[in-house]
Amino acid sequence: MTPAILLALLGLIDASCSGFRAYAGRDARIRKRRATARAAVRGLAVGGVLLLAPAFTATVLLLTARDPAGTFDTLAAGAVGYLLPLAVYTAVVAVSLAAYLALPFRAGTLAVVIGLGPLTLLRPLAVAAACLGALVNGGGAPALLVGTIAGAAVLCVEPAVHRRWYRHVR
């Protein structure tokens, strides 16, 4: 399995969570299962469309390369470097999310306040670290380009979903 598949899955999961945050991230007091599920699906759909941009960029790079096999290897090395910081970030988010879901309401709310809230604010730094990882791991400029476009895509999901469907939610 190439790291691109794992990155795409991670991006789609992040997009779904971004859709959820666009709607429900502002009010934890009321359980709104149907509405939050719809918001997560909307985030997934927007993320799926936005993540076509880095896939298209990588495809163009591969089709226009003098050495497609070498370019593929470079992009794969960059993808591994991109994946490593995101895997650490995802593990920390998963632990915080598990605490939110498993603990009683007050403790779960505390997990959001000290865990998920600050981690959401750190998403751009995690993406920047992933881009640096792609560059440092041997991906070079092609992997940095694809990684930057992918990072911009996942960071744009929540604002796009919020602006399109949930402007009225405060």
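In this predicted model, a search of the whole structure finds one salt bridge. The partners are Arg123 and Asp14, whose side chains meet with a nitrogen-to-oxygen distance of 2.6 Å. This separation satisfies the criterion for a salt bridge, which requires a side-chain nitrogen of Lys or Arg within 4 Å of a carboxyl oxygen of Asp or Glu. Arg123 belongs to helix α6, which covers residues 123-165, whereas Asp14 belongs to helix α1, which covers residues 3-24; the pair therefore ties together parts that lie 109 residues apart in sequence. Both Arg123 and Asp14 are buried.

The cysteines may be considered next. A search of the whole structure finds zero disulfides. For Cys17, the closest cysteine sulfur is that of Cys156, and because the two sulfurs are 17 Å apart, they are too far from each other for a bond. Cys156 is likewise in no disulfide, and the cysteine sulfur nearest to Cys156, that of Cys131, is 13 Å away. For a disulfide, the two sulfur atoms would have to lie within 2.5 Å. As for solvent exposure, Cys17 has a relative accessibility of 33% and so counts as partly exposed. Cys156 is also partly exposed, with a relative accessible area of 41%.

Attention now turns to the helix pair α2 and α3. Helix α2 spans residues 33-50, and helix α3 spans residues 52-64. The axes of α2 and α3 come within 4 Å and cross at roughly 20 degrees. Because angles under 35 degrees count as roughly parallel, α2 and α3 are therefore roughly parallel to each other. On the α2 side, the contact is made by Gly48, Val49 and Leu50; on the α3 side, Leu52, Ala53 and Pro54 take part. By residue class, this contact of α2 with α3 comprises five nonpolar residues, one polar residue and no charged residue. Gly counts as polar, and Gly48 is among the residues that α2 contributes.

Helix α3 also holds Phe56. What is the relative accessibility of Phe56, and is this residue buried or exposed? The value is 59%, so Phe56 counts as exposed, given that the exposed class begins over 50%. Phe56 can also be related to a residue far along the chain: Val146 is 90 residues from Phe56 in sequence, yet their C-alpha atoms are 9.1 Å apart in space.

Notes:
Residues are numbered from 1 along each chain as its sequence is written. This is a predicted model: local features need pLDDT of at least 70, side-chain atom pairs count only at pLDDT 80 or more; totals for chains, interfaces and linings use all residues. Side-chain values use heavy atoms; hydrogens and water are left out. Buried means under 20% relative accessible area, exposed over 50%, partly exposed in between (1.4 Å probe, protein chains only). Helices (H or I, at least four residues) and strands (E, at least two) are DSSP runs, numbered from the N terminus. Axes are lines fitted to C-alpha atoms, for helices over the stretch in contact, and angles run from 0 to 180 degrees between N-to-C directions. Angles under 35 degrees count as roughly parallel, over 145 as roughly antiparallel, 65 to 115 as roughly perpendicular and the rest as oblique. Contact means heavy atoms within 4.5 Å.
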